[in-house]
Amino acid sequence: MTEKIDIKRLERELVSAVEADKKYWRENDAKFRAIHQKVATYEEFRDIVKASHLTPLERKDLMDAARKQPWNPLVSTGHTISSDPFSAPIQQNVTPLANDGKPQRTQDFVRHWKGLKGQPLSQYRLLLEVGGDHLRSMFRVEIGILGEILAVLNECFVSEDTPQVASILSCLSETPRHTLSVEFLSLTEHAATESLFRKLLLSQNTPSLQELAKVYRVHIRIENITP
């Protein structure tokens, strides 16, 4: 006897499969978008993926929400806040470092790093002070600011710092999703990375540095390394 086909059940399964497929690609796009935006922490990365099904709020929605705000957290400090969320000033404060001069958490480091924006030499000194080992221990998920770090290292590098810079690059290469972060470097950031490794190899042309360059997708012919 031929089994009767349950059309409604098949329709439900088809709808479910289509929705699951949409959800997969929606979250996949959100992951790539979060990596491209170079989010600072895994929590930010996770929140972007979780919110991938939401649509952006319009200005009217934000204005209504601002008018309904039941309390003002800035009153006690003597500050005022505009009812227009688009005109609210953004304050960036440099996070104080721990007693040993090193940020202890990823978000602390990123906040301090962002607070030094426009001061590449200060950012460079911060990297050297923190060191490769500590950077590796902090970035346990991924490095959302890898491109910025590489650009600063290239801009401020001096040959005397070769061992420290090489250590930083080596330790960062051992962090999770490093390969994916390298893949998403912009053309400018990749060019800075290649320039940095040329300087490093000119200063200290060793097999370990040559292999490290390959990890960062930098392929330089050794005979082309000239002063």
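This is a short talk on the fold and the aromatic pairs of one protein.

Before anything else: the model is predicted. The secondary structure is 11 helices and zero strands. If you walk along the sequence, you meet one α after another, in the pattern α-α-α-α-α-α-α-α-α-α-α.

Now the chain as a whole. The protein has 227 residues, and 32% of them count as buried. About 15000 Å² is exposed, with carbon and sulfur atoms supplying 54% of that area. Then contacts. Take those with a separation of 6 or more: 66% of them are between residues 24 or more positions apart.

On to the side chains. How many aromatic pairs does the structure hold? There are three. One of them is F109 with W113, and this pair is stacked, at 6.0 Å centre to centre and 25 degrees between the planes. Both residues sit in helix α4, residues 106–115, and they are four residues apart, about one turn of the helix. F109 has a relative accessible area of 0%, so F109 is buried. W113 is also at 0% relative accessibility and counts as buried.

Another pair is F197 with Y216. Their ring centres are 5.5 Å apart and the planes meet at 45 degrees, so this pair is tilted. Here the pair links distant parts of the chain: F197 is in helix α10, residues 187–203, while Y216 is in the segment after α11, with their positions 19 residues apart. F197 counts as buried, at 0% relative accessibility. Y216 is buried too, with a relative accessible area of 0%.

Last item. Ring pairs join F109 and W113 with F139 in a cluster.

How values were computed. Residues are numbered from 1 along each chain as its sequence is written. This is a predicted model: local features need pLDDT of at least 70, side-chain atom pairs count only at pLDDT 80 or more; totals for chains, interfaces and linings use all residues. Side-chain values use heavy atoms; hydrogens and water are left out. Helices (H or I, at least four residues) and strands (E, at least two) are DSSP runs, numbered from the N terminus. Buried means under 20% relative accessible area, exposed over 50%, partly exposed in between (1.4 Å probe, protein chains only). Contact means heavy atoms within 4.5 Å. Accessible areas come from the Shrake-Rupley method with a 1.4 Å probe; for residues, only the protein chains shown count as cover. Rings of Phe, Tyr and Trp (its six-membered ring) pair if their centres lie within 6.5 Å; planes under 30 degrees apart count as stacked, over 60 as edge-to-face and the rest as tilted.
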